[in-house]
Amino acid sequence: MMRTDTQSEEKELNHLVRCYNCQREAKKQVKTFYATRPGEKYRGNLEVKKETPRQNNYGHIYWVTECFTGKYVMKFGNFCSVKCGLIWANNEIERRRMNKNTNGSGNAIKQEDKDQLMKLRNQIAMNGRARYAKQEKV
Ligand SMILES: [Zn+2]
């Protein structure tokens, strides 16, 4: 079965996470602003990482400003690199194989089953409450 590749695209995050494999921290997201007038400087709220003056043919200075957005990016979904994703995936497959061979994977509750059980539990709880409420009215 082929999986969707959307989980492997660059992820924009509101908090700091680490690569699932090597534990390297996600990079701070950077946005670059280009001055539209000579001498104009960035005056926004974002934390400035770097200001670089660029001179055009007439000798005018245009500032290029790199800012931290306060967000983080993980280049390949949960991993910092394709290599990290590969290492993790192959180890995970080996781990699953080992589990299957030792205790049989039949004992583990699958996530789908867990979700189904949770739904059922909530339904029962709700029904119980509804019945109780009805009885109260009578
Ligand atoms: Zn990594």
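This tour visits one chain step by step, saying what to select and what is found there.

**Before starting**

The structure is a predicted model, in which local features need pLDDT of at least 70, side-chain atom pairs count only at pLDDT 80 or more, and totals for chains, interfaces and linings use all residues. Residues are numbered from 1 along each chain as its sequence is written.

**The whole chain**

Display the full chain as a cartoon. It contains 2 helices and 4 strands; helices (H or I, at least four residues) and strands (E, at least two) are DSSP runs, numbered from the N terminus. Along the sequence these elements follow the pattern β-β-β-β-α-α. Of the 138 residues, 4% are buried. A residue is buried if 20 or more other C-beta atoms lie within 10 Å of its own, exposed if 12 or fewer, and partly exposed in between, with C-beta atoms placed from the backbone. Among the contacts with a separation of 6 or more, 56% join residues 24 or more positions apart; two residues are in contact if their C-beta atoms, placed from the backbone, lie within 7 Å.

**Strand E4 and its partners**

Select residues 61-74, which form strand E4. Two strands pair if DSSP finds at least two bridges between them. Add residues 11-13, strand E1, which runs antiparallel to E4 and is joined to E4 by 3 bridges. Within this pair, Lys11 has Met74 as its bridge partner.

Next, select strand E2, residues 27-34; E2 pairs with E4 in the antiparallel sense over 7 bridges. Phe33 stands opposite Thr65 in E4.

Then select strand E3, residues 47-55, which is also antiparallel to E4, with 8 bridges. Two positions to label are Pro53, opposite Trp63, and Gln55, opposite Ile61. E3 and E4 form a hairpin with 5 residues between them, and Gly59 in the turn has a positive phi of about 85 degrees. E3 is hardly covered, since 0 of its 9 residues are buried.

**Val48**

Remain on E3 and select Val48, which lies in this strand. Is Val48 buried or partly exposed? Val48 counts as partly exposed because it has 13 C-beta neighbours inside 10 Å. Leaving aside neighbours within four places in sequence, Val48 is in contact with Tyr42, Thr65 and Cys67. The C-alpha atoms of Val48 and Thr65 are separated by 7.0 Å, although the two residues are 17 residues apart along the chain.

**Gln23**

Move to the loop between E1 and E2, where Gln23 is placed. Gln23 is exposed, because 9 other C-beta atoms lie within 10 Å. The phi of Gln23 is near 70 degrees, a positive value in a residue other than glycine. Most residues other than glycine have a negative phi.

**The nonpolar core**

Finally, select Cys19, Ala26, Met74, Phe79 and Cys80, the 5 residues of the largest nonpolar core. A nonpolar core is a set of buried Ala, Val, Leu, Ile, Met, Phe, Trp, Tyr and Cys residues joined through C-beta atoms within 7 Å. Which residues does Cys80 touch, not counting those up to four places away in sequence? Cys80 touches Cys19, Cys22, Arg24, Met74 and Lys75.
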